[in-house]
Amino acid sequence: MNALLDPLSDVLRSVRLRGSAFFHVSCRDQWCAYAPPSSEMAPAVMPGAEHVLEYHLFAKGEGWIGVDGEPPLRMREGDIVMLPHGDAHTVSSAPGLAPAEEGDWLFSRRDDPKPIPITYRGGMFEPSMQLPVGEASAIIVCGFIACDLKPFNPLIDALPRLLHLPSEGVGAWVAPMLEHAVSESSERRPGTAVLLQRVSEMIFVDGARRYLETLPSEAQGWLGALRDRHVGRAISLMHGSPAEPWTLETLGSRVGLSRSALHERFVALAGLAPMQYLANWRMQCGARLLREGRLSVAAIAQEVGYESEAAFSRAFKRATGLPPATWRRAQLQPVVTT
């Protein structure tokens, strides 16, 4: 493996990022929609997913996002907001409005072709209804993204509850893609569902990258650790060669810190010790190799730095609750995207 890797890309590849289920929401007059926690929506939008996050793109008009414990967030045309932790939230024309009654429509229509049209107007909710563009005061494209949390996904915890991506910060390559996605979501042409799935994934990757770029130099958490000169390099080294018999001494010598200084700095930024991070990342690498199904458990153990299959199996069971072979069989049940 390469000595240094991009850990953000590495994690994004390993946690099986996958997009799904768009809704084309048209709104008029006063309106308010309530979205339950993603854990409650997951069985309808992405059955079998470990974690689901939602995002909203304001294709036309403005609105507000409300999450308990956070100030209302103003959304303008072209803005995107993600909810990485899957919090319940409201989307509305103004803060403080009561959500429209929706019933269990999501489960009854989960097999409908995507994107599913929805209309909110005058405090009412109308599923399978789409206002003409000229009559809508706001149009919102809503999507879902699934990822794995186990054995190890440091990214989700490192992201805020509300990840706001203002339109003026969108890269030149993103804006045309989003415009095309909005057009696709309203026209519902053949292949639209697959195209929108890929757009969901790209939006999330771009959002995570933009958030990383805006973090202050003293930021804590996994993303803050990546930006630190010494800790970020240590993480890159472990990602690049997880099977290497790393010690605090060898890592410290490679990044230019003493054993104690690296340990202290790593814990302060990443929230766990370097050797614990290595153990967690080895489990994530092992999970990816198990899912791919080409190597035996013994071969995977060596590939991720364990001297014996038994040692790897014990560590993997501690991390996931299942022995490697049992976990691999469970992964044969695919996550359904709609």
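This report walks through a predicted model of a protein chain, from the overall fold to selected local features.

## The chain as a whole

The protein chain has 338 residues, and 49% of them count as buried. Its secondary structure consists of 14 helices and eleven strands. Contacts across the chain often join distant positions. Among contacts with a separation of 6 or more, 74% are between residues 24 or more positions apart.

## Helix H1 and its surroundings

Start with helix H1, which covers residues 7–14. Six of its eight residues are buried, so H1 is largely enclosed by the rest of the structure. The buried residues are Pro 7, Leu 8, Asp 10, Val 11, Leu 12 and Ser 14.

Now look at the ends of H1. At the N-terminal end, Asp 6 acts as a cap. One of its side-chain oxygens lies 3.2 Å from the backbone nitrogen of Leu 8. Just after H1 comes Arg 16, which has a positive phi of about 55°.

## Two helix pairs

Two packed helices are described by the angle between their axes and the distance between the axes. Two pairs illustrate this here.

The first pair is H1 with helix H8, residues 229–240. Their axes come within 10 Å and cross at roughly 45°. That angle makes H1 oblique to H8. Which residues make the contact? From H1 they are Pro 7, Asp 10 and Val 11, and from H8 they are Ile 235, Ser 236 and His 239. By class, this contact of H1 with H8 has three nonpolar residues, two polar and one charged.

The second pair is helix H9, residues 248–255, with helix H10, residues 259–270. Here the axes are 8 Å apart, and the angle is about 85°. An angle from 65 to 115 degrees counts as roughly perpendicular, and H9 and H10 are therefore roughly perpendicular to each other. H9 brings Leu 248, Glu 249, Leu 251, Gly 252 and Val 255 to the contact, while H10 brings Arg 259, Leu 262 and His 263. The residues of the contact of H9 with H10 divide into four nonpolar, two polar and two charged.

One residue of H8 deserves its own look. His 230 sits in that helix. Is His 230 buried or exposed? Its relative accessible area is 16%, and buried means under 20%, so His 230 is buried. Beyond its neighbours within four places in sequence, His 230 touches Val 255, Gly 256, Leu 257 and Arg 265. Val 255 also takes part in the contact of H9 with H10.

## Aromatic rings

How many aromatic pairs are there? The count comes to nine. Two of them show different ring arrangements.

In one pair, Phe 23 and Trp 105 meet edge-to-face. Their centres are 5.7 Å apart, with 70° between the planes. This pair links distant parts of the chain. Phe 23 is in strand E1, residues 18–28, and Trp 105 is in helix H3, residues 105–108. They are 82 residues apart. Phe 23 and Trp 105 are both buried.

In another pair, Tyr 120 and Phe 125 are tilted. The distance is 5.2 Å centre to centre, and the planes are 40° apart. Tyr 120 and Phe 125 are also both buried.

These four residues belong to one cluster. Ring pairs link Phe 23, Trp 105, Tyr 120 and Phe 125 with Phe 144.

## Backbone details in loops

Some loop residues have backbone geometry worth finding in the structure. The table gives two with positive phi.

| Residue | Phi | Loop |
|---|---|---|
| Asp 29 | near 60° | between E1 and strand E2 (32–35) |
| Ser 128 | about 65° | between strand E9 (124–127) and E10 |

Neither Asp 29 nor Ser 128 is a glycine. Ser 128 is partly exposed, with a relative accessible area of 42%.

A further loop feature is a cis peptide bond. This bond runs from Lys 150 to Pro 151, with omega near 0°. Where is Pro 151? It lies in the loop between strand E10, residues 138–147, and helix H4, residues 154–158.

Notes: Residues are numbered from 1 along each chain as its sequence is written. This is a predicted model: local features need pLDDT of at least 70, side-chain atom pairs count only at pLDDT 80 or more; totals for chains, interfaces and linings use all residues. Side-chain values use heavy atoms; hydrogens and water are left out. Axes are lines fitted to C-alpha atoms, for helices over the stretch in contact, and angles run from 0 to 180 degrees between N-to-C directions. Helices (H or I, at least four residues) and strands (E, at least two) are DSSP runs, numbered from the N terminus. Angles under 35 degrees count as roughly parallel, over 145 as roughly antiparallel, 65 to 115 as roughly perpendicular and the rest as oblique. Contact means heavy atoms within 4.5 Å. Ala, Val, Leu, Ile, Met, Phe, Trp, Tyr, Cys and Pro count as nonpolar, Asp, Glu, Lys and Arg as charged, and the others, Gly among them, as polar. Buried means under 20% relative accessible area, exposed over 50%, partly exposed in between (1.4 Å probe, protein chains only). A polar contact is a pair of N or O atoms within 3.5 Å; within protein, one must be able to donate a hydrogen and the other to accept it, and residues adjacent in sequence count only if both atoms are side-chain atoms. Rings of Phe, Tyr and Trp (its six-membered ring) pair if their centres lie within 6.5 Å; planes under 30 degrees apart count as stacked, over 60 as edge-to-face and the rest as tilted.
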